[in-house]
Amino acid sequence: MRGNNPRGARVNSDVQRVISHIIEFEIKDPRVSSFVSVVKCDVTNDLKECKCYISVLGSEEDGESTIKGLNSANGFIRKRLAESLNLRYTPSIEFKLDKSIEYGVMMSKKIDSIMNSSKSDEEQE
């Protein structure tokens, strides 16, 4: 849910929490990686649709296969979401691969390497 609506923020966090639990403990698909985290869930104001951003630790192929596995288990996830949350509508879920965590790790490594090279340059002077 967009905006500063407190109910929207609560619904988003509840959906994120439940989907994370379902993926971690109830999905048995071998395509779904064990290193999956639900970064963010955006539920529309009418509660009809949800975009769920997934981050996968591993290779690009792991991420793609995890998204395929989650899309094939979409009906099961939606059913379990309906059983767990008392909402007027159960949103249809669209899984998207989020690479923000990988990007943050890459930038952190670059900053560390720059800092280490500048320290070695200062020591040589």
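1. Let's start with β2 and β3. In this predicted model, strand β2, residues 49–56, runs parallel to β3, and 6 bridges join the two. You can find individual pairs yourself: Lys 51 has Glu 94 of β3 as its bridge partner, and Cys 52 has Phe 95 of β3.

2. Now look at the other pairing of β2. β1 and β2 run antiparallel and are joined by 7 bridges. One pair to look up is Ser 37 with its bridge partner Ser 55 in β2. The two strands make a hairpin with 5 residues between them, and in the turn Leu 47 has a positive phi of about 60°. As general background, strands of a sheet pair through backbone hydrogen bonds, and they can do this either parallel or antiparallel.

3. Put those pairings together and you get an open sheet of 3 strands, ordered β1-β2-β3, with mixed pairing. Which strands stand at the edges? They are β1 (36–43) and β3 (92–97); each has a single partner strand, so one side of each has no neighbour in the sheet. From one strand to the next, the twist averages 25°. Helix α1, residues 6–25, packs on this sheet and touches β1, β2 and β3. The direction of α1 makes about 145° with that of β1.

4. Next, the inside. The largest nonpolar core has 24 residues, and the ones that touch the most other members are Val 15, Ile 19, Cys 52, Ile 54, Ile 77 and Phe 95. Two or more core residues come from each of α1, β1, β2, α2 (60–72), α3 (74–84) and β3. Helix α1 gives the largest share, 6 residues. In soluble globular proteins, nonpolar side chains tend to be buried together.

5. Ile 19 is a good residue to click on. What is Ile 19 in contact with, leaving aside its neighbours within four places in sequence? The list is Val 38, Cys 41, Cys 52, Ile 77, Leu 81, Ile 93 and Phe 95.

6. Finally, the cysteines. How many disulfides does the count come to? The count is 0, with a cut-off of 2.5 Å between the two sulfur atoms. Cys 50 is in no disulfide, and the nearest cysteine sulfur, on Cys 41, lies 4.4 Å away. Cys 52 is in no disulfide either: its nearest cysteine sulfur, again that of Cys 41, is 3.3 Å away. Are these two residues buried or exposed? Cys 50 is buried, with a relative accessible area of 1%, and Cys 52 is buried too, at 0%.

Technical notes
Residues are numbered from 1 along each chain as its sequence is written. This is a predicted model: local features need pLDDT of at least 70, side-chain atom pairs count only at pLDDT 80 or more; totals for chains, interfaces and linings use all residues. Side-chain values use heavy atoms; hydrogens and water are left out. Two strands pair if DSSP finds at least two bridges between them. Helices (H or I, at least four residues) and strands (E, at least two) are DSSP runs, numbered from the N terminus. Axes are lines fitted to C-alpha atoms, for helices over the stretch in contact, and angles run from 0 to 180 degrees between N-to-C directions. Contact means heavy atoms within 4.5 Å. A nonpolar core is a set of buried Ala, Val, Leu, Ile, Met, Phe, Trp, Tyr and Cys residues joined through side-chain atoms within 4.5 Å. Buried means under 20% relative accessible area, exposed over 50%, partly exposed in between (1.4 Å probe, protein chains only).
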